[in-house]
Each structure stands twice: as structure tokens, then as C-alpha cells.
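Biologist: I am new to this structure and would love a close look at one part of it. Could you walk me through it step by step?

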Amino acid sequence: QEFFNDLQYNLSSGSDYIHMFRRNASGASRSVPFNTIDVPFRLTNNEMLVTAMVNGHPVEMVFDTGASMIVLDINIAAAILPAPQQARMAGFGGIGGDKPALIVNLESLKLGDLEKRNIEITVGQIGTSLLGQPFFKDQRYVIDNDKKLIRFFR
């Protein structure tokens, strides 16, 4: 986020590109469609934090374009999710090393008006929750740092 902070950027996973604009550049305004799903974010320690609805419960998550999975911290999962009827053991790794985890299916995960149903997530002791690629990899969106919005194309 430090690198991108002064830019507006348009990401399209399907086309594998990032289109970057300087603030107030003439092309930047043309890159934002009129009919978008706007999701506010806030920056903390260079992380984009969004509020997602996990089975109807608000959960603050890091909008992590580099995460290959959706991870819900075990403490949050214990507070808002029923005990899973089916789960499988797995692990996940990162800067802190490899950690044990459970793979479970969520009934619903929403970010603004975007919703994924019956989506697979990882539950582990991570200290935060990550909204990764499985949620938004098929979406095209613009990160508007001026207005602190993620604008998803409809």
C-alpha cells in the first residue's frame, strides 16, 4: 500500500493487468464506471481493512490481493460460527511460518452487495482475518485511494 498510496488503480484478474493512474489524472475518472458497488476501506499499518458479513455477522478483514485463500481467525470463528458439521484439517503459511487450520464452508460471505454462497474458507490462529483471492478473483475493481473505496464493476 505504501507504493500504491498516491495512485488509483484498476485491477482485472481475468485479464491479468493492473492499470494505474496518478491522482486527478484525466484517464482515472474514465476508468471508473457509473454503476459500481462501492465498498469503503480504511488503512491501518498499510493494510486495507473492510467490513465483510460472515454468515450475517460483521467481521473486519484485511482486503489482501496477495492472499490465495480466505482466512478467518479462530477466535472470531468460535464467536460467530456454529461448530462445523464437516471440516478437514489443513495448514497455511505466511511470514509467521506454517500453522494448523481447518477448511470449512461458509453459508454466506458478503462485501457490500457482492455475495459468495457456500464458499470455502480457512480457519486458523492468525490474529486477523484475510479476504483473499477466492472472494474477488472473478471481479474487476478499482481501488480509489482518494475516496477510500474499492469500486467493483457490476
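My starting point is Asn55: is it buried, partly exposed or exposed?

Modeller: Happy to help, and please keep in mind that this is a predicted model. Asn55 is partly exposed, because its relative accessible area is 26%, and the range for that label lies between the limits of 20% and 50%. You will find Asn55 in the loop between β5 (47-54) and β6. Its backbone deserves a glance too: although Asn55 is not a glycine, its phi is positive, at about 50°.

Another loop invites a similar look. Lys148 lies between β12 and β13 (149-153), and its phi is near 55°, again a positive value in a residue other than glycine. With 31% relative accessibility, Lys148 counts as partly exposed.

Now let us follow β6 and β12 themselves, since they bring us to the aromatic residues. The structure holds 5 aromatic pairs. One of them joins Phe63 and Tyr141 edge-to-face, with 5.7 Å from centre to centre and 90° between the planes. Phe63 belongs to strand β6 (residues 57-63) and Tyr141 to strand β12 (residues 140-144), so this pair ties together parts that are 78 residues apart in sequence. Both Phe63 and Tyr141 are buried; for Tyr141 the relative accessibility is 1%. Tyr141 also pairs edge-to-face with Phe136, where the centres are 5.6 Å apart and the planes make an angle of 80°. Phe136 is buried as well, with a relative accessible area of 0%. Together with Phe152, the residues Phe63, Phe136 and Tyr141 form one aromatic cluster.

From the cluster we can step to the nonpolar core. In soluble globular proteins, nonpolar side chains tend to be buried together. Here the largest nonpolar core has 30 residues, and Phe63, Phe152 and Ile150 are among those with the most contacts inside it, as are Leu109, Leu111, Leu131 and Phe135. Apart from that core lies another, of 7 residues, including Leu49, Val62, Phe92 and Leu130. Returning to Ile150, its contacts beyond four places in sequence include Phe63 and Tyr141 from the aromatic cluster, along with Ile37, Val39, Phe41, Met48 and Val50.

A further stop is Leu72, in strand β7 (residues 71-73). Leu72 is buried, with a relative accessible area of 1%. Leaving aside neighbours within four places in sequence, Leu72 is in contact with residues including Val54, Val59, Ala77, Leu81, Ile121 and Val123. The C-alpha atoms of Leu72 and Thr128 are separated by 7.2 Å, although the two residues are 56 places apart along the chain.

Leu72 also leads us into a set of paired strands. Strand β7 pairs in the parallel sense with strand β10 (residues 114-124) over 3 bridges, and the partner of Leu72 in β10 is Val123. Val123 is the bridge partner of Leu102 too. Strand β9 (residues 99-111) runs antiparallel to β10, and 10 bridges join them. These strands, β9 and β10, form a hairpin with 2 residues between them, and Gly112 in the turn has a positive phi of about 60°.

Terms used: Residues are numbered from 1 along each chain as its sequence is written. This is a predicted model: local features need pLDDT of at least 70, side-chain atom pairs count only at pLDDT 80 or more; totals for chains, interfaces and linings use all residues. Side-chain values use heavy atoms; hydrogens and water are left out. A nonpolar core is a set of buried Ala, Val, Leu, Ile, Met, Phe, Trp, Tyr and Cys residues joined through side-chain atoms within 4.5 Å. Buried means under 20% relative accessible area, exposed over 50%, partly exposed in between (1.4 Å probe, protein chains only). Contact means heavy atoms within 4.5 Å. Rings of Phe, Tyr and Trp (its six-membered ring) pair if their centres lie within 6.5 Å; planes under 30 degrees apart count as stacked, over 60 as edge-to-face and the rest as tilted. Helices (H or I, at least four residues) and strands (E, at least two) are DSSP runs, numbered from the N terminus. Two strands pair if DSSP finds at least two bridges between them.
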